[in-house]
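Let's take a walk through this protein together, one part at a time. Have the model open beside you and turn it as you read.

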Amino acid sequence: MKAQLLTMTTPDGPFTIIARDGVVLASGWTADPRDLTGQIHPELLPDAYEAVEHLGAISAAVDAFYAGNPAPAMSVPVLQKSGPFRAHAWDVLRTVSPGAPVTYTEYAELSGNAKAVRAAASACAFNAAALFVPCHRVVRTDGTMGGFRWGLRIKESLLAREKQGLAAG
């Protein structure tokens, strides 16, 4: 199966998206698609890639996010594959309000198992579709950033951008 590949310029650096038929398979702040392919489940991994100039609603959602409107990114279809808890946890991430991050403990509770804090953190770590599944909205219990695959500078920028958008809106 062939997938589309697009690298966009954002204030946080290059943002690459791998998509198929309007559905995001992987995305992140890198110009090298090889940084993304390891996160795609083997059953979903494309055989070939076609570089494109635009991805329709997907590109528009990234532009909207950086223009101060994170909502469209939550409507972009995403395809990730894992076990039931992780798959559900990824869906739950899309319901966390922009500008109102939750702790890993709160995220575990929202995902239906308050004791599954490590599993919730693992869902963030293995999330292939950064921005569209906003794992950047999860922080440590003490309010510090915790980890982020694309670097803490980008996580801080994304959270600040969302908070600023809330204040402006």
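Where does aspartate 21 lie? Keep in mind as you look that this is a predicted model. Aspartate 21 sits in the loop that runs between β2 and β3. Its backbone deserves a glance: phi of aspartate 21 is near 50 degrees, a positive value in a residue other than glycine. Most residues other than glycine have a negative phi. As for its surroundings, aspartate 21 counts as exposed because its relative accessibility is 68%, and the cut-off for that word is over 50%.

Now follow the strands on either side of that loop into the sheet. Four strands make up an open sheet, with the order β3-β2-β1-β4 and mixed pairing. At its edges are β3 (23-28) and β4 (48-51), each of which pairs on one side only. Going from one strand to the next, the twist averages 30 degrees. Strand β1, residues 2-10, pairs with β4 in the parallel sense, over four bridges. To find this pairing on your screen, look for lysine 2, which stands opposite alanine 48 in β4. Helix α2 packs on the sheet, where it touches β1, β2 (13-20) and β3. The direction of α2 makes about 20 degrees with that of β1.

Helix α2 also leads us to the nonpolar interior. The largest nonpolar core has 48 residues, and those with the most contacts inside it are Ile17, Trp29, Ile58, Val62, Leu93, Tyr107 and Phe132. Which helix gives the largest share of this core? That is α2 (residues 57-66), with five residues. The core draws on both domain 1 (2-75) and domain 2 (84-168), taking at least three residues from each.

Tyrosine 107 is a good place to pause within this core. If you set aside its neighbours within four places in sequence, tyrosine 107 is in contact with Ala89, Trp90, Val92, Leu93, Val102, Ala120, Ala123, Cys124 and Val138. One of these partners, Leu93, is also among the residues with the most contacts inside the core.

Finally, is leucine 131 buried or exposed? Leucine 131 counts as buried because its relative accessibility is 2%, and the cut-off for buried is under 20%. Its place is in the loop between α6 (117-125) and β6 (138-139). Phi of leucine 131 is near 80 degrees, again a positive value in a residue other than glycine. So you have two loop residues to compare on your screen: aspartate 21, which counts as exposed, and leucine 131, which counts as buried.

Terms used: Residues numbered from 1 in each chain as written. Predicted model: local features only at pLDDT ≥ 70, side-chain atom pairs only at ≥ 80, totals over all residues. Heavy atoms only, no water. Core = buried A, V, L, I, M, F, W, Y, C linked by side-chain atoms within 4.5 Å. Buried < 20%, exposed > 50% of the residue type's maximum accessible area, 1.4 Å probe, protein only. Helix = DSSP H or I, 4+ residues; strand = E, 2+ residues; numbered from the N terminus. Domains from an automatic or database assignment. Contact = heavy atoms within 4.5 Å. Pairing = 2+ DSSP bridges. Axes fitted to C-alpha atoms, helices over the stretch in contact; angles between N-to-C directions.
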